[in-house]
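Student: I am new to this structure and would be grateful for a close look at a single part of it. Please take the charged side chains and their salt bridges, and then place them beside the disulfides.

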Amino acid sequence: MLDTTESQFHKYIYFNSRNQFSYKTEKVLLKEMEAKMLPLPFFIIIFIFSQFFLSTSKTILENNTSEFSSSASLSSRNAERLIKSFNLTPKHGINVIPRGSPDAPRLFTRQLDFPATISAMKASSGPSVRKFGHYAGYYSLPHSKSAKMFYFFFESRNNRTDDPVVIWLNGGPGCSSSVALFYENGPFKISDNLSLSWNHFGWDKVGLPSIENNLANLIYVDQPIGTGFSYTSDSSDLRHDEAGVSNDLYDFLQAFFKEHPKFAKNDFYITGESYAGHYIPALASRVHSGNKNNEGIPINLKGFAIGNGLTNPEIQYAAYADYALEMKLISKSDHEVLKQDYVDCQRFIEKCNLDGGSACVSGFNVCNGIFSKIAAKIEGTNYYDVRKKCVGSLCYDFSKMETFLNQENVRKALGVGDIKFVSCSTQVYDAMTEDWLHNLELKIPALIEDGIKLLVYAGEYDLVCSWLGNSRWVEQMNWSGHKDFGSAKTLPFLVDGKEAGLMKNHGPLTFLKVHEAGHMVPMDQPKASLQMLRTWMQGKLATSNERLIKSFNLIPQHKVNVIPKGSPDAPRLVESQFDFSAIIDAGNASGGPSVQQFGHYAGYYALPHSKSAKMFYFFFESRNNNTDPVVIWLSGGPGCSSSVALFYENGPFTISEDLSLSWNDFGWDKVSNLIYVDQPIGTGFSYTSNSSDLRHDEAGVSNDLYDFLQAFFKEHPKFANNDFYITGESYAGHYIPALASRVHSGNKKNEGIPINLKGFAIGNGLTNPEIQYGAYGDYALEMKLISESLHESLKKEYADCQSSIKQCNLGGGEACGSAYQVCANIFNEIMTEIDGTNYYDVRKKCLGSLCYDFSKMETFLNQENVRKALGVGDIQFVSCSTDVYDAMLNDWVLNLEAKIPALVEDGINLLVYAGEYDLICNWLAGTKGQENGLLSIPVGTDIVCTVLVFSGNSRWVEQMKWSGQKDFGSAKTVPFLVDGKEAGLMKNHGPLTFLKVHDAGHMVPMDQPKASLQMLKNWMQGKLDTVTGPKVGH
């Protein structure tokens, strides 16, 4: 806990220039007196005046509420109030044990079993405490005179050897981390009879009842020296700054990992709250420095998390008055007075950070006066949670912890000898006074620039270290991602489908405001805090557009291609025939045609209904015949380039490890003339000089694509009469029906060049989110990915999802963004259960932290010779655009199935296909009573893009209202054969076909290239409804 209510220095009342009284320390007044040559009697008069005000201050507070400046709280010393506020009364001010004393414990570390433990798990036939690795003990600190640091260590209740190691630090300064252990996030809770019971949301386990996944091996330390059970025989071991504190903790960690080498390579995280907002950055910096300098055992530091911390006092003290006003704790006139007080506070902080020493002590008193005035104004309110009243004279009562730990049998179990537990040390607190106002934010940028993650979280009802002050220093921190973090969207943090907070993220930095919580988030919101920690450590707390890019190792150079008008980066070329410079011509090597003999084009078309947008595309003429159909492919995201499909799925080429290209024997250009476009604008090589060209809905997207097609067929008139098909996958389940509808409408209205639209095909797409989200849990249960209990839980969450989708489709706008977040949590719950599984193909494991690596594509396309061949100038290829993704969020849960019936009724063919092992856009075997076995499920976002998705392809196909619905429902399921073997199951009636593809995940053309090529050819020839069809690829 952090206490800022009073200074431990005697204060003197004085009248300021506004004829209002305030106070200063004796040292400050003496200094000012000397500077102004004030006579000694004047100082004596002020002293007498101060005694009068001290005796009457409470009366002034009660009777003069209009003058907020008179409400300075003038009670006892800060450290004492800190201790009393938690009913923690130490037997000693500090543990300084004489050298050789019989009180000094001999034991350094031992496995422990608390004698008073009640094992709730044991009562239910689960493992007892003794089956877990619980340790307590001391390590000597080599850079001290004689200090011994005490700790608890709790191995994870799950996979203990692989789980991350997490250290927790409490604040004060000078308070034991046992407060968190027993009242917040430790394995146990203390009952009224001083027995212990399991904490179901302890950070050493996963708190969701249906999830038995791993979490953390937990360390709690009593630090700085003199706190808790930690002790020394030399008072010079007391620390006065973060250098001393962090060096001691680094020495502790070296001793810990030497004692526990099996954990040394595990991921390591530093966490804590309150004054630990100082400790945590200091320790993270010390560990990082130690690793770089090869000082000892390498510590695998992955991240650090600060909860309701004090990190940048200059910014955070300024936020006190603003937060108090926002929460209606003070009046506007009070707020104005406090703003003036902050001017003095800020001056002292600046001087402290320049000069240190006494300037820091003086500043400490002046700045804490701001908080003291607010605390006096709201007397009786719990300043750690302003919703609550203090119970009696105390706000919390943690005295059971001290009673428990000072029991003889507990001390014996811990091996601490006769040392008494010091909950909060007054002397440690006093020793750290000069450290208080230092800015520890300064240590953070170097850490996050090196990829070490930072999570800053804050309960929304804490006054002491408010969310407002914390968010301000996070927003203002100077680092390379400062601008991008500032422009990142604030999104809901969901727990069980409900908003538990608001968060924003960019790269390694995340800020989370936690709802319904005060200063101690893990105590007030145990389940939310556990989910927060788990998802953050797994890299899943990042907002979805970040995860989208990271999940495929696609790191764009720009968030979006918005190129200034007239920029030299803007390409001049509209279209050119090209020959990739790095091509390996497998065909030519065997006497076949070379690349140059085919019509391969790339270029831009201007979009007439935009401000200045240019849409980039590749066009590959058929390797067979120019009269073959024209097929356009759209990838999803939203915001991911179709080049992923070009180079990894169904294009003419595949990329080799050396970045050369070889022919794809199953490229769709063997049966069609293929177009790949970078859309919406801002994706891939597409660009604009006006950000208003970014699209937010399918109307904008489909109009741009229609304009592109008009330009394309004007440039290539010989293809204008060919049959035309629209294809794609994932989020293109939105794009494809919208574009098909737009083309059909344009044809009917004779708007431009007629486009001979014959059909559209959706692969593992998101089309009807309301139906598809409802199928997620069913597929996961069918595939034995989740338990029955989690399945039931997801069904309840879907009710909220369904309701929010209906609101979106009625009202649009923000209701759609909220629905996106609510529904996405269904998938997130499943992902937590199957951590390590490739959610695009559940047969596989993710390789390392990534499931696929498509980075070669980006490297290839950004080579200078390739860009020159394509005529894109100096524009950098944007694999997946975060800005495009964000711009489309309100489009996400809209129902695009509604556009389809009018198309199929007019005889335009629709093929919906799905790989059976895709979770994100998955297939589900039929339910009982469904004799054709085709009642399917899930759909999702783009593999190339995001991790938040949807499900249920066959279900929306089955339920779609059109004249052939009944006949389609009763149609037989027949095998789809490739080389005489069953490659899938399909059903068909009239223009509608559904195909479940065997042995494939989200990207069917990548997983089953031969089958996908035969599927396309048979379907375009009207032969996919037969059992056999012509073979391809030979």
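Tutor: What follows treats confidence, then the salt bridges, then a lysine without one, and then the disulfides.

The model is predicted. The mean pLDDT of the protein chain is 79, and 76% of its residues reach 70 or more. Over residues 115-131, however, the pLDDT is below 50, and this stretch has 34 contacts in the model beyond near neighbours in sequence. Residues 544-560 likewise have a pLDDT below 50, with 78 contacts beyond near neighbours in sequence.

We may now turn to the salt bridges. A search of the whole structure finds 32 of them. One network of salt bridges links Asp385, Arg387, Lys388, Glu516 and Asp524. Within this group, Asp385 and Lys388 meet through their side chains, at 3.4 Å from N to O. Asp385 is buried, at 0% relative accessibility, whereas Lys388 has 33% and therefore counts as partly exposed. Another pair in the network is Arg387 with Glu516, whose side chains form a salt bridge at 3.0 Å, N to O. This pair links distant parts of the chain, 129 residues apart. Arg387 belongs to the loop between α10 and α11 (399-405), while Glu516 belongs to the loop between β15 (509-514) and α17 (521-524). Arg387 counts as partly exposed because its relative accessibility is 36%, and Glu516 is also partly exposed, at 41%.

A salt bridge within a single helix is formed by Asp355 and Lys351, with their closest N and O atoms 2.9 Å apart. Both residues lie in helix α9, four residues apart, which is about one turn of the helix. Lys351 is partly exposed, at 36% relative accessibility.

Lys453 offers a contrast to these pairs. Lys453 lies in strand β12, which covers residues 453-459. This lysine is buried and yet has no salt bridge. The nearest side chain of opposite charge belongs to Asp267, 7.3 Å away; a salt bridge would require the nitrogen and a carboxyl oxygen to be within 4 Å. The side chain of Lys453 does reach the backbone oxygen of Met537, at 3.4 Å. Leaving aside residues up to four places away in sequence, Lys453 touches Tyr269, Lys302, Gly303, Phe304, Pro508, Trp536, Met537 and Gly539.

The disulfides complete the picture. In general, a disulfide is a covalent bond between the sulfur atoms of two cysteines. A search of the whole structure finds six disulfides. One of the six joins Cys345 to Cys367, with 2.1 Å from S to S. Cys345 lies in helix α9 (residues 332-355) and Cys367 in helix α10 (residues 358-377), so the pair ties together parts that are 22 residues apart in sequence. The torsion about this S-S bond is about 105°, so the disulfide is right-handed. Cys345 and Cys367 are both buried.

A further disulfide joins Cys801 to Cys823, again with 2.1 Å from S to S. Cys801 is in helix α26 (residues 788-811) and Cys823 in helix α27 (residues 814-833), 22 residues apart. With 100° about the S-S bond, this link is right-handed, and Cys801 and Cys823 are both buried. Cys808 and Cys816 form another disulfide, at 2.0 Å from S to S. The torsion about the S-S bond of Cys808 and Cys816 is about 90°, so this disulfide is right-handed. Cys808 is buried at 1% relative accessibility, and Cys816 is buried with a relative accessible area of 1%.

Note on methods
Residues numbered from 1 in each chain as written. Predicted model: local features only at pLDDT ≥ 70, side-chain atom pairs only at ≥ 80, totals over all residues. Heavy atoms only, no water. Helix = DSSP H or I, 4+ residues; strand = E, 2+ residues; numbered from the N terminus. Buried < 20%, exposed > 50% of the residue type's maximum accessible area, 1.4 Å probe, protein only. Lys, Arg positive; Asp, Glu negative; His and termini not counted. Polar contact = N/O pair within 3.5 Å; in protein donor to acceptor, adjacent residues only side chain to side chain. Contact = heavy atoms within 4.5 Å. pLDDT = per-residue confidence, 0-100. Disulfide = S-S within 2.5 Å.
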